[in-house]
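Trainee: I am new to reading protein models and would love a close look at one part of this one. Could you take me through its pockets and its cavity, and then the parts around them?

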Amino acid sequence: MKFAVLDFETTGTQSDGEIIQAGLAIIDHDYSITQIYSSYVNPGVPIPPFISGLTGITDADVADAPSLEEMMMEMVPLLNDVVLVGHNVAFDFHFLQNALDRCGYLPFTGRILDTIDFLKITFPSLGSYQLGYVSSEFGFQHDRPHQADSDALATAYVLLKCLDELKELPLITIQRLSDLFAPEDSDLGWFLDGMRSEKEAEPIQDLDGHTYYRQLALNVSDWTDIGAPRDEREANPLMV
C-alpha cells in the first residue's frame, strides 16, 4: 500500500479560495517516506493579509511561482495508485478535486484516510488533534506550521506513528474496531478490515507458549519435552 500525504495552503477556506502552496509526502509500501514534493503556486489574486500572517507566504513568494496548471502537471503523476491522506483531509480533498477539474484531469477516485480518525483511535487522550500540538507531543520536528511541505511531512510522521500503534494492538482489538466500521461504508472501515485480515493470517507468538492463528490457540512447545502418558512397563489400568 502506498500513501500520498497531501496538504494545501490557500487564500481562504471557501470554495472561491486559491491554492498558494502544495505539499505532498509519499510513503512507500515499506512504510518509509520516499519523496517530498513542494511548490508555491501563483494564485493570480492577492494573498489576504490574514493568510500571509498565518502561513508566512507573501505575494512576493508566489510572484514567479508556477501556475496552478503547471503545479498540477508535476503533482498528478505522484497521485497514481495511492491512498490519499490528510490531516482534516476533507479540506485538502475539496481543493484537489477542484484543481483537477479546472486543469482538465479526471477526479481522484482512490481511497481517502484522515489522520485525525487514526489519532482518535490510537491516542484518544490527546488534549488536541491540532497538527502542531500533536507533533510537539510526539516529539516530531515541525518548524514551519501552515507551510504545505512541513505540514505534509508532519502529517506523514503522525500517520506512521498511528500505524505503529495499531500494529501493536491485540488481534481481538483490531477485530472489534473492524466491526465498528463497515468496509463498504467508509475507507477507514476498508483499511481496518484489511489490517484485520492480515493480522488473522499471521501467527502471533505470545509469552505463554501458544501461537494464535486464525483465532485458534496452538501449543508450540517441543514435542520431545512432553512425556509419555504412562510407562509401558506398568499394568494397563483398563485391564485391572
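Mentor: Happy to; we start with the whole chain, then visit the open and closed spaces, and end with a helix and some salt bridges.

Please keep in mind that this is a predicted model. The protein has nine helices and eight strands. Of its 240 residues, 40% are buried. If you take the contacts between residues at least 6 apart in sequence, 59% of them join residues at least 24 apart.

Now find the largest pocket, which holds about 480 Å³ of space. Its lining has 23 residues, and those nearest the centre are Asp7, His87, Phe91, His146 and Asp151. Several elements each supply at least two lining residues: strand S1, and helices H1, H4, H6 and H7. By type, the lining of this pocket divides into eight nonpolar, eleven polar and four charged residues.

The second largest pocket has a volume of about 290 Å³. Here 13 residues form the lining, with Tyr31, Lys167, Gly194, Met195 and Glu198 nearest the centre. Helix H7 and helix H9 each give at least two residues to this lining, and H9 gives the most, with six. The lining of the second largest pocket is made up of seven nonpolar, two polar and four charged residues.

Next comes the closed space. There is one cavity of 30 Å³ or more, and the space in it is about 30 Å³. You can outline this cavity by selecting Gly17, Glu18, Ile19, Leu68, Phe95, Asn98, Ala99 and Arg102. Helix H4 (residues 89-102) makes the largest share of the lining, four residues. The cavity lining counts four nonpolar, two polar and two charged residues.

Leu68, one of the residues that line the cavity, also leads us to helix H3. The buried residues of H3 (residues 68-75) are Leu68, Met71, Met72 and Met75. They cover an arc of only 95° around the axis, so they sit on the same side of H3. The pattern fits a rule worth learning: an α-helix has 3.6 residues a turn, so residues three or four places apart point the same way. The buried residues of H3 pack against strands S1, S2 and S3 and against H4.

Let us finish with the salt bridges, of which the structure holds six. One of them joins aspartate 187 to arginine 111, with the closest N and O atoms 2.9 Å apart. This pair links distant parts of the chain, 76 residues apart: aspartate 187 is in H9, while arginine 111 is in the loop between H4 and strand S5. Arginine 111 is partly exposed, with a relative accessible area of 31%.

Another salt bridge runs between arginine 196 and aspartate 179, where the closest N and O atoms are 2.7 Å apart. It ties helix H9, which holds arginine 196, to helix H8, which holds aspartate 179, and the two residues are 17 residues apart. Arginine 196 is buried at a relative accessible area of 19%, whereas aspartate 179 is partly exposed at 48%. Both belong to a network of salt bridges that links Arg176, Asp179, Arg196 and Glu200.

A further salt bridge pairs arginine 144 with aspartate 149, and their closest N and O atoms are 3.0 Å apart. In this pair arginine 144 is partly exposed, with a relative accessible area of 37%, and aspartate 149 is buried, with 16%.

Technical notes
Residues are numbered from 1 along each chain as its sequence is written. This is a predicted model: local features need pLDDT of at least 70, side-chain atom pairs count only at pLDDT 80 or more; totals for chains, interfaces and linings use all residues. Side-chain values use heavy atoms; hydrogens and water are left out. On a 1 Å grid over the protein atoms alone, a cavity is a set of points where a 1.4 Å probe fits but cannot get out, and a pocket is an open set with protein on both sides within 12 Å along at least five of seven lines; lining residues have an atom within 4 Å of a point. Grid points are joined across faces, edges and corners, and a volume is the space filled by probe spheres set on the points. Ala, Val, Leu, Ile, Met, Phe, Trp, Tyr, Cys and Pro count as nonpolar, Asp, Glu, Lys and Arg as charged, and the others, Gly among them, as polar. A salt bridge is a side-chain nitrogen of Lys or Arg within 4 Å of a carboxyl oxygen of Asp or Glu. Buried means under 20% relative accessible area, exposed over 50%, partly exposed in between (1.4 Å probe, protein chains only). The arc is that of the directions from the helix axis to the C-beta atoms. Contact means heavy atoms within 4.5 Å.
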